[in-house]
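This briefing is meant to be read beside the sequence and the coordinates. Its topics are charged side-chain pairs, an antiparallel sheet, one helical glutamine and some overall figures.

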Amino acid sequence: MRKWLDINAFMGIPALDWGYAVIATVLGFVVFTYLLRFVIDRAHALARRTRSRHADMLVDVLRGTSKTTLFVAAVIVGAKFLPLTERWDSRLDHLWFLVIGFQFALWINRGVGIWTARRLAATGEVIHNPVITTMTAWTLRALLWSILLLAVLANMGVNITAFVASLGVGGVAVALAVQSILSDLFASLAIGLDKPFELGDFVVFNDIAGSIEHIGLKTTRIRSLSGEQIVCGNTELLKNTLHNYKRMSERRILFTFGVSYDARPEQLRQVPEMIRQAVAAAGDTRFDRAHFKGFGTQDLTYEVVYYVTDPSYNLYMDVQQKVNLDIMEGLDRLGLAFALPVRNVHVVRRPRGETGRAERQGGPAPAPPQGLRVARS
């Protein structure tokens, strides 16, 4: 029987050795599959017991193990039972490195994908910036596969020094060709790291005011107050001075008003206290000051400063409306009135002779009586 198996050889290897190799391959694949399932079950039990997100991620990563790599690994184990030459043994060692490196790269790539999906789907108080998340994922994946490629080439005996140098020269050429795109790309990276604004923030710059709706790798989209979507390049956006109103903890309000010049000093002294009471009664406010500022051309000017402790614009308008109405009522109780703009117009009558001559020459009509006072509001 042994002699018959030796005669029926394939590629110079007896059929019996081929049989051992096939059996070892099948057993190896079964063992690898069982070990993988055992590790996944243990990790899943640990995740349920500890309720750890990292353990859950480990389970998801291990479930993405490629069956192809397990089969190739089993084939390599089976090939060890064949009487191969030293050259083929060396090639099997290189293949081992390739299979293990490729599977680790697949695990890391899947882990990066799971991490990215979870950060982008996060809700509640913690909302991660999609720009920095996406760029981090891209960078990790590019670095991962680049390292794997270079490691495989180096393991196969390829001189990668010249290859890396050529990649550097090619990268410079590509960067010069797409410098505008790279400018926006690095601007988005700056937005992700420095975080001048985030999704949902209300920003104002130049003549644009709206809420941040999307932060992309090249552009940022803003939903304006009038409803349309405004698309801005990240580079151009960062060149402007932005006012981020969402991060305002409280709103400082300054306004002035004037009372008429017929007011008496006793009445003017009571106005600041009346204003303080009006601001305090409005709610969600912090009074700062109210002063008789100075003598205007047409009124006695008061300046008022207070704070609304909530940055909401609608609340500010409600508070300011109540303060204005209370000030009107307070001035009425004190017997004061708001100053109205008044202009005195003095008209000088021309001599009779000049008036008649102007009429004959088609000039203006005679002027009204001297001393006419016109009040205009």
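**Salt bridges, sheet and a buried glutamine**

K239 and E236 form a salt bridge in which the closest N and O atoms are 3.4 Å apart. The model is a predicted one, and a search of the whole structure finds 10 salt bridges. The protein has 377 residues, of which 29% count as buried, and its secondary structure consists of 12 helices and eight strands.

**Salt bridges**

- Side chains of opposite charge can pair when their charged atoms come close.
- In the pair of K239 and E236, K239 is exposed because its relative accessible area is 60%, over the 50% cut-off, whereas E236, at 48% relative accessibility, counts as partly exposed.
- D201 and K246 form a salt bridge with their closest N and O atoms 3.8 Å apart; the pair links distant parts of the chain, since D201 is in the loop between α8 (179-194) and β1 (202-205) and K246 is in the loop between β5 (243-244) and β6 (251-259), 45 residues apart.
- The two partners of this bridge differ in their exposure class: D201 is buried, with a relative accessible area of 4%, while K246 is partly exposed, with a relative accessible area of 48%.
- The bridge between D201 and K246 also belongs to a wider arrangement, as D201, K246 and R247 are linked in a network of salt bridges.
- R223 and E213 meet through their side chains in a salt bridge of 3.1 Å, N to O; R223 lies in strand β3 (residues 219-224) and E213 in strand β2 (residues 208-215), so this pair ties together parts that are 10 residues apart in sequence.
- Both of these residues are partly exposed, R223 with a relative accessible area of 33% and E213 with a relative accessible area of 37%.

**The five-stranded sheet**

- Five strands make up an open sheet in the order β4-β3-β2-β1-β5, and their pairing is antiparallel. The edges are taken by β4 (229-233) and β5, each of which has a single partner strand, so one side of each is left without a neighbour in the sheet.
- β1 and β2 run antiparallel and are joined by four bridges; within this pairing, V203 has G210 in β2 as its bridge partner.
- β2 and β3 pair in the antiparallel sense over five bridges, and these two strands form a hairpin with three residues between them. In this pairing the bridge partner of S211 is R223 in β3, and R223 is also the residue whose side chain meets that of E213 in a salt bridge.
- β3 and β4, which run antiparallel, are joined by five bridges, with T219 standing opposite G233 in β4.
- The hairpin of β3 and β4 has four residues between the strands, and in this hairpin G227 takes a positive phi near 110 degrees.

**The two faces of β3**

- In a regular strand the side chains alternate between the two faces of the sheet.
- In β3, the covered face carries T220, I222 and S224, and the uncovered face carries T219, R221 and R223.
- R223, listed on the uncovered face, is partly exposed at a relative accessible area of 33%.

**Q320 and its surroundings**

- Q320 is found in helix α11 (residues 313-334), and it is classed as buried because its relative accessible area of 9% falls under the 20% cut-off.
- Leaving aside residues up to four places away in sequence, Q320 touches I253, F255 and Y306. I253 and F255 fall within the residue range of β6 (251-259).
- The side chains of Q320 and N324 are joined by a polar contact of 2.8 Å.
- The C-alpha atoms of Q320 and A282 are separated by 8.2 Å, although these residues are 38 residues apart along the chain.

**Overall figures**

- Among the contacts in the protein with a separation of 6 or more, 61% are accounted for by residues 24 or more positions apart.
- The accessible surface of the protein comes to about 24600 Å², and 61% of this surface belongs to carbon and sulfur atoms.

Conventions
Residues numbered from 1 in each chain as written. Predicted model: local features only at pLDDT ≥ 70, side-chain atom pairs only at ≥ 80, totals over all residues. Heavy atoms only, no water. Salt bridge = Lys/Arg side-chain N within 4 Å of Asp/Glu carboxyl O. Buried < 20%, exposed > 50% of the residue type's maximum accessible area, 1.4 Å probe, protein only. Contact = heavy atoms within 4.5 Å. Polar contact = N/O pair within 3.5 Å; in protein donor to acceptor, adjacent residues only side chain to side chain. Pairing = 2+ DSSP bridges. Areas by Shrake-Rupley, 256 points an atom, 1.4 Å probe, with all protein chains shown as cover.
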